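Thank you all for coming. Please take a moment to look at the chain on the screen, and then I will walk you through a few of its parts.

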Amino acid sequence: MHRLSLKLIYRKLLCCPTLRNQYQKAHTVKNNIISERGGKVLFLSDTYEGKKHDKKIADEEGYRFPEGSKLWQDTGFQGFAPGGVSIKQPKKKPQKAELTDPQKEENRQISKVRVEVEHQIGGIKRCQIVVQRFRNWVDHYVDDVMETACGLHNFRLTHRRGKITGQFGTA
């Protein structure tokens, strides 16, 4: 059984440092990643402008998942349901109402798994070029930078603590 996660990554391109909110009137870009439970990034979407909605990106990308996979997604992908996949997604709080205690507990359990994705994104953002202001406007260079950061993240995971792991286990 595959366990996959779908998450977006915001990155700043140009940002005026005098603004109160760092994303206010900033030119941001975003990517979606699909990762496995072990931490490796399996898929990186194209780079889109920051104001594009997560679900719209997922719909345009046309993701396909193996039958019987579990997809852990955040609430930004509400309504995204590829066929043959069981979806685990936190429940949103209804307008003018509260979540029930069982729904809150279910959200906690989902968050315990999804926090791994946040750690993976933090591992990708160890490459500071992904986080800091980006001023190079060469065509497709933004995509290349993100692909390189994801590749370095995967490389770090496979060579962690002197153990070289790969497709066929520990070498």
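Let me begin with a pair of strands, keeping in mind that what you see is a predicted model. Strand β2, residues 27-36, runs antiparallel to strand β3, residues 41-44, and the two are paired over 3 bridges. Within this pairing, I34 sits opposite F43 of β3. The two strands make a hairpin with 4 residues between them, and in that turn G39 has a positive phi of about 115 degrees.

Now let us step back to the whole chain. It contains 4 helices and 8 strands, and, read from the N terminus, these elements follow the order β-β-β-β-α-β-β-α-α-α-β-β. Of the 171 residues in the chain, 39% are buried.

Where do those two strands meet other parts of the chain? One contact starts from β2 itself, where K30 makes a salt bridge with D54, with 2.9 Å between the closest N and O atoms. This pair links distant parts of the chain, since K30 belongs to strand β2 and D54, 24 residues apart from it, to helix α1, residues 54-61. Are these two charged residues buried or exposed? K30 has a relative accessibility of 2%, so it counts as buried, and D54 is also buried, at 7%.

Another contact starts from the loop of the hairpin, where the side chains of R37 and E116 meet in a salt bridge at 3.0 Å, N to O. Because R37 lies in the loop between β2 and β3 while E116 lies in helix α2, this pair ties together parts that are 79 residues apart in sequence. Here R37 is partly exposed, at 33% relative accessibility, and E116 is partly exposed too, at 25%.

Let me turn to the nonpolar interior. In soluble globular proteins, nonpolar side chains tend to be buried together. The largest nonpolar core here has 15 residues, of which I33, I124, V130, M146 and C150 touch the most other members. At least two residues of this core come from each of β2, β3, α2 and α4, and α4 gives the largest share, with 5 residues. There is also a second, separate core of 10 residues, Y63, L71, F77 and F80 among them.

Finally, consider α4 itself, residues 141-158. At 1.5 Å a residue, its 18 residues should span 26 Å, and the end C-alpha atoms are indeed 26 Å apart, which agrees. Its buried residues include V142, M146, A149, C150 and L157.

Key: Residues numbered from 1 in each chain as written. Predicted model: local features only at pLDDT ≥ 70, side-chain atom pairs only at ≥ 80, totals over all residues. Heavy atoms only, no water. Expected span 1.5 Å × (residues − 1). Buried < 20%, exposed > 50% of the residue type's maximum accessible area, 1.4 Å probe, protein only. Pairing = 2+ DSSP bridges. Core = buried A, V, L, I, M, F, W, Y, C linked by side-chain atoms within 4.5 Å. Salt bridge = Lys/Arg side-chain N within 4 Å of Asp/Glu carboxyl O.
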